[in-house]
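Reader: I have this one open for the first time. Can you walk me through it?

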Amino acid sequence: MYKVLHLDRNHPLLIKELKAHGFTNHEDYDSPKQSIQESIAQYDGIIIRSRFSLDKAFLEKAENLKFIGRLGAGLENIDVAYAEKKGIKLFSAPEGNRNAVGEHALGMLLSLFNHLNRVDAQVRQGIWQREANRGIELEGKTVGIIGYGNMGKAFAKKLSGFDCEVIFHDIQSGLSDDFAAEVSLEELQSKAQVLSLHTPLTASTKNMVDAAFIQKFQNSFWLINTARGKSVVTEDLVEALKSGKILGAGLDVLEYEKSSFENFFNEEEQLPESFQYLIQADQVLLSPHIAGWTLESKLKLAQVIANKIKANF
């Protein structure tokens, strides 16, 4: 009988299904990492979202660990190489929140195009400005996607009814489908009027969107980031917003997020100047890493992980 330790609260379906499959479930949502590390050897499985990192030191103590289930898309809070070396199976669940991310990215884009955050605030203040808030349409625009996995494909599918051109670039080739055409990064930068990021955080995507990257775009463009905050250099983004090279930005993720994604700044920390600009800029739309955070995705994520674990154990 497998013993599973749940480190984050998730949809109760997950524990229910694992229990029905014969697993013993233990829940510990509050103990510090060090305390859990001292007792982790007794467990065969771990279920986690982003509470803390499962680094080499932690995994070394997990002598009997057979699998880790992460209720999310990426595995960057896990030392993947060491886990695989130890023969630990890793399960993530991008299938569970891809639709939510696609909808959120589209919602951000349409909101920016139509100044919805700005005009809502104005009307609440009794300001009625129509001409100054004339929007633009998505029809006829070229949308570039970087990263064409579960999230990128979901966003492209949402765009299919808007009569726009959708192109993408990915480190893998041969991913073109009915919703988007594969292009080189250079072609994407020459054509795109909208850029949406759907990449994991890796050595090659960290700080990817910097000043040099931005300047290679032929057109001024709109930026949507529902992927990872550290893929965008915020200071360079702000300079591009000031110059008009980037026309607006929808940011569900921020460079300044804590690694757990659960926290932001401590009260004693000084907000970076670049972030102070973002929170005051009316061409910027911000949300607290909730693109994949819907009532439906909570259930889907749990079901995906339960299915993957049951299929392997």
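**Sheets, helices and a few loops**

Author: Start with the open sheet of five strands, which are ordered 2-1-3-4-5 with parallel pairing. Keep in mind that this is a predicted model.

Reader: Which strands stand at the edges there?

Author: Strand 2 (24-27) and strand 5 (89-91) do. Each has a single partner strand, so one side of each is left without a neighbour in the sheet.

Reader: And what does the twist average from one strand to the next?

Author: The average is 20 degrees.

Reader: Let me zoom in. How many bridges pair strand 1 with strand 3?

Author: Three, in the parallel sense, between strand 1 (residues 3-6) and strand 3 (residues 45-48). Val4 has Gly45 of strand 3 as its bridge partner, and His6 stands opposite Ile47 in strand 3.

Reader: What about strand 3 and strand 4, how many bridges?

Author: Four bridges, and that pairing is parallel too. Ile48 stands opposite Arg70 of strand 4 there.

Reader: Are the residues on the faces of strand 3 buried or exposed?

Author: Buried, on both faces. Gly45 and Ile47 lie on one side, with Ile46 and Ile48 on the other. As background, side chains in a regular strand alternate between the two faces of the sheet.

Reader: Which strands of this sheet does helix 12 touch?

Author: Helix 12 packs on the sheet against strand 3, strand 4 (67-70) and strand 5. The direction of helix 12 makes about 155 degrees with that of strand 5.

Reader: Now the other sheet. What order are its strands in?

Author: This open sheet has seven strands in the order 8-7-6-9-10-11-12, again with parallel pairing. Strand 8 (181-182) and strand 12 (284-286) are at the edges with a single partner strand each, so one side of each has no neighbour in the sheet.

Reader: Pick a pair from the middle. How many bridges between strand 6 and strand 9?

Author: Four, in the parallel sense, joining strand 6 (residues 142-146) to strand 9 (residues 194-197). Val143 stands opposite Val194 of strand 9.

Reader: Which strands does helix 5 lie across?

Author: Helix 5 (residues 94-113) lies across strand 9, strand 10 (221-225), strand 11 (246-251) and strand 12. Relative to strand 10, helix 5 runs at about 145 degrees.

Reader: You mentioned helix 12 before. At what angle do the axes of helix 5 and helix 12 cross?

Author: At roughly 160 degrees, and the axes come within 7 Å. That angle makes helix 5 roughly antiparallel to helix 12. The crossing is right-handed.

Reader: Which residues make that contact?

Author: Helix 5 supplies Pro94, Glu95, Gly96, Asn97, Asn99 and Ala100, and helix 12 supplies Ser297, Lys300, Leu301, Val304 and Lys308. By type, the residues of this contact are four nonpolar, four polar and three charged.

Reader: Changing topic: which residues of helix 7 are buried?

Author: Met151, Gly152, Ala154, Phe155, Ala156 and Leu159 are buried in helix 7 (residues 150-159). Their cover includes helix 5, strand 6, strand 7 (165-169) and strand 9.

Reader: Loops next. Where is Thr226 found?

Author: Thr226 sits in the loop between strand 10 and helix 10 (234-243).

Reader: Why is Thr226 called buried?

Author: Thr226 has a relative accessible area of 9%, and the buried class takes anything under 20%. Setting aside residues up to four places away in sequence, Thr226 touches Val101, His104, Ala105, Leu197, His198, Asp252, Val253 and Ala291.

Reader: What sign does phi have at His115?

Author: Positive, about 55 degrees, although His115 is not a glycine. In general, most residues other than glycine have a negative phi. His115 is in the loop between helix 5 and helix 6 (116-124).

Reader: And what is the phi of Asp163?

Author: About 55 degrees and positive, and Asp163 is not a glycine either. Asp163 is in the loop between helix 7 and strand 7.

Reader: Buried or exposed, for His115 and Asp163?

Author: His115 is buried, with a relative accessible area of 17%. Asp163 is exposed, with a relative accessible area of 55%.

Terms used:
Residues numbered from 1 in each chain as written. Predicted model: local features only at pLDDT ≥ 70, side-chain atom pairs only at ≥ 80, totals over all residues. Heavy atoms only, no water. Pairing = 2+ DSSP bridges. Helix = DSSP H or I, 4+ residues; strand = E, 2+ residues; numbered from the N terminus. Contact = heavy atoms within 4.5 Å. Axes fitted to C-alpha atoms, helices over the stretch in contact; angles between N-to-C directions. Parallel < 35°, antiparallel > 145°, perpendicular 65-115°, else oblique. Left-handed = near helix turned anticlockwise from the far one by under 90°. Nonpolar A, V, L, I, M, F, W, Y, C, P; charged D, E, K, R; others polar. Buried < 20%, exposed > 50% of the residue type's maximum accessible area, 1.4 Å probe, protein only.
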